[in-house]
Amino acid sequence: MNSTLEHANITVSDPERTAAMLVDIFGWTIRWKGDSLMGGRTVHVGGPELSDGYLAVYTTDDSPTVQSPRTGLSGLNHIGVLVDDLDATEQRVLAAGYETHTHMTYDPGSRFYFDDHDGVEFEVVSYT
């Protein structure tokens, strides 16, 4: 059996802001945006091909209270993003005003982490 993760849906305070950050840092594209079926707004951002995974960044009609994933309340630990050039990506993260942390290299690759404006932790990984 062959399977691929198609998307993850996360609640954020401002989907447009989060989508713009992901486009700027990772070079992703906005694949769709609009009203969510359950109320609120959603932006789908990821690779341009239908076979590419994406993130659905969502907010409710009410003002969301977004908490750090490491509080244990959201159930989300982090989102891993595979990149070709770790150093160049880190420079874009820093230029966007985010701090990087927990740099590690071990078999099979290298990685670092950063927290976005909602406290969502991203792990950036390269196997090159």
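Is Arg-111 buried or exposed? Arg-111 is buried, at a relative accessible area of 7%. That value comes from a predicted model, and the views below take a closer look at Arg-111 and at helix α2.

**View 1. Arg-111 sits in strand β7.** With a relative accessible area of 7%, Arg-111 counts as buried because the cut-off is under 20%. Its side chain pairs up with the side chain of Glu-123 in a polar contact of 2.7 Å.

**View 2. Arg-111 and its contacts from further along the sequence.** Skip the neighbours within four places in sequence, and Arg-111 is in contact with Leu-86, Thr-102, His-103, Met-104, Tyr-106, Glu-123, Val-124, Val-125 and Tyr-127. One of these, Leu-86, turns up again as a buried residue of α2.

**View 3. The two sides of helix α2, residues 86–95.** Leu-86, Thr-89, Glu-90 and Val-93 are the buried ones here. They share one side of α2 because they span an arc of only 100° around the axis. Over on the other side, Asp-87, Gln-91 and Ala-95 are exposed.

**View 4. What covers the buried residues of α2.** The cover includes helix α1 (15–26). Strands β6 (100–106), β7 (109–115) and β8 (121–126) are also part of it. Of these, β7 is the strand that holds Arg-111.

**View 5. Both ends of α2.** At the start of the helix, a side-chain oxygen of Asp-85 comes to within 3.2 Å of the backbone nitrogen of Asp-87. After the helix comes Gly-97, with a positive phi near 95°.

Key:
Residues numbered from 1 in each chain as written. Predicted model: local features only at pLDDT ≥ 70, side-chain atom pairs only at ≥ 80, totals over all residues. Heavy atoms only, no water. Buried < 20%, exposed > 50% of the residue type's maximum accessible area, 1.4 Å probe, protein only. Helix = DSSP H or I, 4+ residues; strand = E, 2+ residues; numbered from the N terminus. Arc of directions from axis to C-beta. Contact = heavy atoms within 4.5 Å. Polar contact = N/O pair within 3.5 Å; in protein donor to acceptor, adjacent residues only side chain to side chain.
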